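Colleague: Before we discuss particular residues, please set the sequence and the model before us. I shall then put my questions in turn.

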Amino acid sequence: MRISIDKDLCIGAGQCALTEPGVFTQDDDGFGALLAGREDGAGSPLVREAARACPVQAISVREG
């Protein structure tokens, strides 16, 4: 799976990092970011839940 965060949409709510802290974090400005080396989601079932939890739907999850 491939994960991306639209930095133009992200408002820094932090729901992604709360839902799946093994994949998501917040950058120095408080916006959502992927942990280094975790762009593939590492097979975590919580990645899709984190995407759904985003209040502005800034997270995209694609297979492949």
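Modeller: Leaving aside neighbours within four places in sequence, E20 is in contact (heavy atoms within 4.5 Å) with S44, L46, V47 and A50. This is a predicted model, in which local features need pLDDT of at least 70 and side-chain atom pairs count only at pLDDT 80 or more, while totals for chains, interfaces and linings use all residues. Residues are numbered from 1 along each chain as its sequence is written, and side-chain values use heavy atoms, with hydrogens and water left out.

Colleague: Where does E20 lie?

Modeller: Helices (H or I, at least four residues) and strands (E, at least two) are taken as DSSP runs and numbered from the N terminus. On that basis E20 falls outside them, in the loop between α1 (15-19) and β2 (24-26).

Colleague: Is E20 buried or exposed?

Modeller: Buried means under 20% relative accessible area, exposed means over 50%, and partly exposed lies in between, with a 1.4 Å probe and protein chains only. The relative accessibility of E20 is 11%, so E20 counts as buried.

Colleague: With which side chain does the side chain of E20 make a polar contact?

Modeller: A polar contact is a pair of N or O atoms within 3.5 Å; within protein, one must be able to donate a hydrogen and the other to accept it, and residues adjacent in sequence count only if both atoms are side-chain atoms. For E20 the distance is 2.3 Å, and the partner is the side chain of S44.

Colleague: How many salt bridges are there?

Modeller: The criterion is a side-chain nitrogen of Lys or Arg within 4 Å of a carboxyl oxygen of Asp or Glu. By this rule the count is three.

Colleague: How far apart are the closest N and O atoms of K7 and D27?

Modeller: K7, at 44% relative accessible area, is partly exposed, and D27, at 28%, is likewise partly exposed. These two residues form a salt bridge, and their closest N and O atoms are separated by 4.0 Å. The pair links distant parts of the chain, with K7 in the loop between β1 (2-5) and α1 and D27 in the loop between β2 and β3 (32-34), a separation in sequence of 20 residues. The distance between the closest N and O atoms is thus 4.0 Å.

Colleague: Why does the pair R48 and E63 tie together separate parts of the sequence?

Modeller: R48 forms a salt bridge with E63, with 2.0 Å between the closest N and O atoms. R48 belongs to helix α2 (residues 46-53) and E63 to the segment after β4 (59-62), so the tied parts are 15 residues apart in sequence.

Colleague: Which of the terms buried, partly exposed and exposed applies to R48, and which to E63?

Modeller: The relative accessible area of R48 is 32%, which makes R48 partly exposed. For E63 the value is 60%, and E63 is therefore exposed.

Colleague: With which residue does R52 form a salt bridge?

Modeller: R52 is exposed, at 57% relative accessible area, whereas its partner is partly exposed at 35%. Both residues lie in helix α2, three residues apart, about one turn of the helix. The closest N and O atoms are 3.2 Å apart, and the partner is E49.

Colleague: How many disulfides does a search of the whole structure find?

Modeller: A disulfide requires a pair of cysteine sulfur atoms within 2.5 Å. The search of the whole structure finds zero.

Colleague: Which cysteine sulfur is nearest to that of C10?

Modeller: C10 is buried, with 14% relative accessible area. C10 takes part in no disulfide, and the nearest cysteine sulfur, 6.4 Å away, is that of C54.

Colleague: Which side chains of β4 point to one face and are buried?

Modeller: The side chains alternate along β4, and S60 and R62 point to the other face and are not buried. Those that are buried belong to I59 and V61.

Colleague: In β4, what is the bridge partner of I3?

Modeller: Two strands pair if DSSP finds at least two bridges between them. Four bridges join β1 to β4, and these strands run antiparallel. The partner of I3 in β4 is V61.
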